[in-house]
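Colleague: Got a minute to go through the holes in this protein with me? I'd like to start with the enclosed ones.

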Amino acid sequence: MQNVQFTVSPTRRLHGRVRVPGDKSISHRSIMLGALAEGTTEISGFLEGEDALATLRAFQAMGVEISEPDQGRVTVKGVGLRGLTQPKEDMDMGNSGTAMRLMAGILAGQDFESRLVGDASLNKRPMKRVTDPLKAMGARVETDEGGTPPLRISPSKQLSGIDYTLPMASAQVKSCLLLAGLFAEGRTSVIEPAPTRDHTERMLKGFGYPLTVTRLDAFRTQVSLEGGGRLNACAIDVPSDISSAAFFMVAAAISDDSDLVIEHVGLNPTRTGVIDILKLMGADITLENEAEVGGEPVADVRVRSSNLKGIQVPEHLVPLAIDEFPVLFVAASAAEGQTVLTGAEELRVKECDRIQVMADALQAVGIDARPTPDGMVIQGGQQSAQSAPIHSHHDHRISMAMAVAAIRAPQALVIDDCANVNTSFPTFVPLMNQVGLKIDL
Ligand code: S3P
């Protein structure tokens, strides 16, 4: 990949309206469920980023007719649950853990061999969290030594449903098992220890697939489905990704004189932890034009400058903001006082170790950021001049979070290895430039 370096100038003022691209989680699932459905699924608002495109190419490689995305419009001619065909080559999931883990569930139920490969970052990420329960369902799926990709999936006689309690709050593992459950005999039931994003559940229902969701207590939810049903094609309007909107929310909150509206943002309650956390820190955030689109709540999110203060982040909000911590650490660095995050050890196995890498990056600009095994302690304060470029460690959200950190820097910040923003947010640079954060490539 070509090395793209960001040089980001400090700024005081961000103004205007932006619409960030479609939700990554919903975009992946729209292709997967559209491909497995009977009939034609029409998608609008599809995220044309490398991660979701990896999923799209994989299903094309398995014989599904899918149109080339055109301004977020994609047509998927579903082949039904039994209609996929063997790909001729390895399927490359690039940087995407979501693509690899969810696809593993679908491929475990096929009667052909397949192999899923990834990039340098994905090749370090743990896959036993999906392969162990898939094996318990009777799947034949192997990782490399160390439990990492590539994944080799061979046909098994017949998957059987399981009752499985997730050892960590992970929507990817939950979704993998529910997707495998479509191909299994009997009931597949997954208990999650804390609520995680529920797009798979909502979208399965949208495709007409029966499933039951039972709240067991204040934290735990059980999701169950019977294998062997059918999915009916539908229309999907993908809302803007709150995880991409988060960079604009923090940017507006930490600058001196800002007023930004981020339009049509998906506000599924399993994703809105970033808004709750920023509000606890004192951010001025209001919702306008609240509506519901395709079973998902959406609204325009208006953010104005505010004086943030440090907080102890409530642990129950961690899974609901899991992808937003790189930029929330930047918010904490600009806040008055101390912010403490605990219960977030999952951040260590994302596209990079987001605890260590963000602590290093913030320390490099003079912020007192102390990593802990499951979180971070940040003392908000003034940044100092940067000595060496910050490296993104193959992680799109590090590139974008540190670009936002430049707002409060004493001079332009230089961030190395930023081509990866294309995985989730290909228009990040022009949209930030449009509202007043100057990023030079
Ligand atoms: C995702 C789930 C989350 C998140 C990822 C997308 C999904 O991962 O970090 O970016 O679409 O299901 P975990 O569920 O493993 O925490």
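Colleague: Which residues line the second largest cavity?

Modeller: Asp23, Ile26, His199, Pro239, Ser240, Ile242, Gly266, Leu267, Asn268, Arg271 and Glu296 line the second largest cavity. Before we go on: this is a predicted model, where local features need pLDDT of at least 70, side-chain atom pairs count only at pLDDT 80 or more, and totals for chains, interfaces and linings use all residues. Residues are numbered from 1 along each chain as its sequence is written, and side-chain values use heavy atoms, with hydrogens and water left out.

Colleague: What counts as a cavity, and as lining?

Modeller: On a 1 Å grid over the protein atoms alone, a cavity is a set of points where a 1.4 Å probe fits but cannot get out, and a lining residue has an atom within 4 Å of a point. A pocket is an open set with protein on both sides within 12 Å along at least five of seven lines.

Colleague: What volume does that second largest cavity have?

Modeller: About 40 Å³. Volume here is the space filled by probe spheres set on the grid points, which are joined across faces, edges and corners.

Colleague: And how does its lining divide by class?

Modeller: Into four nonpolar, four polar and three charged residues. Ala, Val, Leu, Ile, Met, Phe, Trp, Tyr, Cys and Pro count as nonpolar, Asp, Glu, Lys and Arg as charged, and the others, Gly among them, as polar.

Colleague: How many cavities of 30 Å³ or more are there?

Modeller: Two. The largest has about 70 Å³ of space, and its lining has 10 nonpolar residues, one polar and no charged. Phe325, Leu328, Phe329 and Met376 are among the residues there.

Colleague: Which element gives the largest share of that lining?

Modeller: H9, with four residues. Helix H9 (325-334), strand S18 (338-341) and strand S20 (375-379) each give two or more. Helices (H or I, at least four residues) and strands (E, at least two) are DSSP runs, numbered from the N terminus.

Colleague: OK, pockets now. What's the volume of the largest one?

Modeller: About 630 Å³. It has 38 lining residues, and Ala169, Ser170, Pro319, Ile322 and Glu346 are the closest to its centre. Helix H1 (24-36), helix H3 (97-108) and helix H5 (171-181) are the elements that give two or more residues to the lining. By class, that lining has 13 nonpolar, nine polar and 16 charged residues.

Colleague: Where does the largest pocket lie relative to the domains?

Modeller: Between them, because domain 1 (6-22 + 239-440) and domain 2 (24-237) both give residues to its lining. Those bounds come from an automatic or database domain assignment.

Colleague: Switching to the ligand: which residues are around it?

Modeller: Lys24, Ser25, Arg29, Thr98, Ser170, Ala171, Gln172, Arg197, Ile322, Asp323 and Lys350, taking a residue as near if one of its heavy atoms lies within 4 Å.

Colleague: Any distances for Arg29, Ser170 and Ala171, and what do they touch?

Modeller: An N or O atom in the Arg29 side chain is 2.7 Å from a ligand oxygen. For Ser170, a polar side-chain atom lies 3.0 Å from a ligand oxygen. Ala171 uses a polar backbone atom, 2.6 Å from an oxygen of the ligand.

Colleague: How much of the ligand does the protein bury?

Modeller: 96% of the 380 Å² that the ligand exposes when taken alone. The areas come from the Shrake-Rupley method with a 1.4 Å probe.

Key: A polar contact is a pair of N or O atoms within 3.5 Å; within protein, one must be able to donate a hydrogen and the other to accept it, and residues adjacent in sequence count only if both atoms are side-chain atoms.
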